[in-house]
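Me: I'd like to learn how to read helix packing and odd backbone spots in a model. Could you walk me through this one?

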Amino acid sequence: MVVLFYVYLILVFLMSSLYLTGTFNSIGSIAISGMILLIFPMLLLRKNNNFKFPIFTTLLMYLFLFVAGISALKNGDINLMLNGIVIFSLFLAAVVILPSINFTNKVVYNALFWSHVPLTVIPLLLYGINTNPYRGIFYNPNAFGSIAATMSIALSAVFLFKLEQYFLKTDKKQSFKNIAFDFSLLLVLLFLVVLSGSRTSLLAVIFCLIFGLMIVSLRLIKYHRFGSLLKTVISTALLGVITFLIIKLTPFYDYLYFNIIYKFERKLTNGDVLDTRGSVWEQTLNQSTLFGNGSNYFLTATEVGAHNTFVGLLGEFGWVPTLLFVLVLIIFTFKGIKYAISDINDMYRYLPLISLTGFVLLSMGEGMMFKLIMLIAFFSAGTIFQKHKQEQIIEKHVFNPVIKRKRKRLVWR
């Protein structure tokens, strides 16, 4: 039964990205919605369905669904109601249903790469870098960039954990091999992001890495490992130098300059770094209402997409549903922070927080609703809501990073 739900997760991730291809784009929204909703009939195959609901967060999502219905009635738009149902169903699948059958972040991580390595590697092997910016099988380079960025963000979460363990544990030889291997893969994925020419994706990955290194540093400070902290800073600087040399001494730099840096320069010269996004966001804010303007708002009023997940919600659903959605993300984030700084010995401990950060950052420049990064963020956050399950699945640290000195007793003779 667990294998069936594993396959389900792989298919959900796969459909979210096939939606971004020319072949499946016309039926993509129906396919991803259908895959998310498929979780409910699948429950009929299980004999014991005992779920634990996070009360406050679930209440917020019920309120979101209710006000989404109000937005649908106000605008006479059934699509708003359907979209609200799918978002609510995604929450139930990610936070309530899958964690109840012992799904951990290892499953989420593996499902991501099992589903997307073929989508990225096979076209490269068959056709090479045949466009510039590169877009693979997707309908535009930004779509490919967001997927490569999502894979980079997920890998960086594991890379950061191994980096932390390198300084807190004694088995450094094996850990160093793992770090070197993951760092190499991370560079390859960063190269794919650069090939796409997606500025938002590249900045999101870089910021997630910096943010993750800050969390690792705070944990070292927490355990008074100031020597390890200094080693972390030096190691990070060395990795930065190595990365710089690789960029400068290989064709990587040419792609970086023409696909990313030159685009920034050109947009800055034209006085529009945001590439018309700013005017769309300003218009949406000026025309925003409590319960939105309908699912066709950006087609009729602005004639271009929102290029921002939250602005998209605001324009279509309105202020009330958007604020409720943001509040749920804030709760996810606090849970992710608490989990990231905990002593649970989970190699994927940073995944919920880093993927949520990536989702927010990518959402600043592109619409990420039901895209891969949103699914990773929701499913990874969902696994840490079920504390009673996590305690059964994941071992606690078998060591204490803080070495306490024994006090000497004075014996009077």
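**Helix packing and backbone oddities**

Reply: This is a predicted model. Helix 6 and helix 7 are oblique to each other.

Me: Which angle do the axes of helix 6 and helix 7 cross at?

Reply: The general idea is that angles over 145 degrees count as roughly antiparallel and 65 to 115 as roughly perpendicular, with oblique covering the rest once those under 35 are set aside as roughly parallel. Here the two axes cross at roughly 140° and come within 11 Å, so the pair is oblique. The crossing of helix 6 past helix 7 is left-handed.

Me: Which residues in helix 6 and helix 7 meet?

Reply: From helix 6 you have Y109, L112, F113, H116, V117 and T120, and they meet F144, I147, T150, M151, A154, L155 and V158 in helix 7. That contact divides into ten nonpolar residues, three polar and no charged.

Me: What about the loop between helix 6 and helix 7, where P133 is found?

Reply: Look at the peptide bond there: from N132 to P133 it's cis, with omega near 0°.

Me: And positive phi: is F370 buried or exposed?

Reply: For burial, the cut-off is under 20% relative accessible area. F370 has 13%, so it's buried. Its phi is about 65°, positive although F370 is not a glycine, and F370 lies in the loop between helix 16 (351-363) and helix 17 (372-383).

Me: What is the relative accessible area of H307?

Reply: H307 has 30%, so it's partly exposed. This non-glycine residue also has a positive phi, near 55°, and sits in the loop between helix 13 (297-302) and helix 14 (309-316).

Technical notes:
Residues numbered from 1 in each chain as written. Predicted model: local features only at pLDDT ≥ 70, side-chain atom pairs only at ≥ 80, totals over all residues. Heavy atoms only, no water. Helix = DSSP H or I, 4+ residues; strand = E, 2+ residues; numbered from the N terminus. Buried < 20%, exposed > 50% of the residue type's maximum accessible area, 1.4 Å probe, protein only. Axes fitted to C-alpha atoms, helices over the stretch in contact; angles between N-to-C directions. Left-handed = near helix turned anticlockwise from the far one by under 90°. Contact = heavy atoms within 4.5 Å. Nonpolar A, V, L, I, M, F, W, Y, C, P; charged D, E, K, R; others polar.
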